[in-house]
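Visitor: Please give me a close look at one part of this model, the end of a helix and what surrounds it. I would like the distances and the cut-offs stated, and then a connected account of how that part fits into the rest.

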Amino acid sequence: HGVANMRLGYAIHSSLLSHTGAADRGVKRARFQVLAQAPVPAVLVEIGFLTNPSDEAALISRAYRDRVAAGVARGILSYLTTARKPAEAEKRESREP
């Protein structure tokens, strides 16, 4: 799921940035054991660091956590929308004579 994982990661990343205004720390790639056997596209999302005073202050805020949740959810929906389009086109092509 390497390509799908990256597409999902970028969709969530983009959505999180627009929903939270957080600093852009980029998307990182690594072979995390927790994701290695995932049967579907999967990512880890790092929202902030409690050792960073400004991250900690943001994470304490319920409003910020709500924006984070909305950003993750919208990112997943965006990924699913774009992932479905090629699959639907492929189905249509396979049905054509």
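**A helix end and its surroundings**

Guide: From the side chain of T20, a polar contact reaches the backbone nitrogen of A22 at 3.1 Å. A polar contact here is a pair of N or O atoms within 3.5 Å; within protein, one must be able to donate a hydrogen and the other to accept it, and residues adjacent in sequence count only if both atoms are side-chain atoms. The T20 side chain also reaches back to the backbone oxygen of L16, at 2.6 Å.

Two notes on the basis of these values. The model is predicted, so local features need pLDDT of at least 70 and side-chain atom pairs count only at pLDDT 80 or more, while totals for chains, interfaces and linings use all residues. Residues are numbered from 1 along each chain as its sequence is written, and side-chain values use heavy atoms, with hydrogens and water left out.

T20 belongs to helix α1, which covers residues 2–20. Helices (H or I, at least four residues) and strands (E, at least two) are DSSP runs, numbered from the N terminus. With a relative accessible area of 14%, T20 is buried; buried means under 20% relative accessible area, exposed over 50%, and partly exposed in between (1.4 Å probe, protein chains only). Neighbours within four places in sequence aside, T20 is in contact with Y64, R67 and V68, where contact means heavy atoms within 4.5 Å.

Further back in α1 is S15, which counts as buried because its relative accessibility is 9%. A polar atom of the S15 side chain lies 2.7 Å from the backbone oxygen of G71. Beyond four places in sequence, S15 has contacts with A70, G71, R74 and G75. One of these partners, R74, sits in helix α4, residues 62–95. R74 touches H19 as well as S15, with residues up to four places away left out. The C-alpha atoms of R74 and H19 are 9.2 Å apart, at a separation of 55 residues in sequence. R74 is nevertheless exposed, at 52% relative accessible area.

A11 touches G75, S78 and Y79, again leaving out residues up to four places away. A11 is also placed 9.6 Å from T82, C-alpha to C-alpha, and 71 residues separate the two along the chain. T82 is in helix α4 and counts as partly exposed at 47% relative accessibility. A polar atom of the T82 side chain lies 3.0 Å from the backbone oxygen of Y79.

A11 and Y79 are both members of the largest nonpolar core, whose nine residues are A4, L8, A11, I12, L16, L59, Y64, V68 and Y79. The elements giving two or more residues to this core are α1 and α4, and the largest share, five residues, comes from α1. A nonpolar core is a set of buried Ala, Val, Leu, Ile, Met, Phe, Trp, Tyr and Cys residues joined through side-chain atoms within 4.5 Å. In soluble globular proteins, nonpolar side chains tend to be buried together. Two of the core residues, Y64 and V68, are among the contacts of T20, and L16 supplies the backbone oxygen that its side chain reaches.

Past the end of α1, the loop towards α2 holds R25, which forms a salt bridge with D55 in helix α3 (residues 53–60), 30 residues away. The closest N and O atoms of the pair are 3.0 Å apart; a salt bridge is a side-chain nitrogen of Lys or Arg within 4 Å of a carboxyl oxygen of Asp or Glu. A search of the whole structure finds one such bridge. D55 is buried, at 13% relative accessible area, whereas R25 is partly exposed at 39%.

F32 is in the loop between α1 and α2 too, and is partly exposed at 43%.

As for the whole, the protein has four helices and zero strands. Of its 97 residues, 19% count as buried. Among contacts between residues at least 6 apart in sequence, 63% join residues at least 24 apart.
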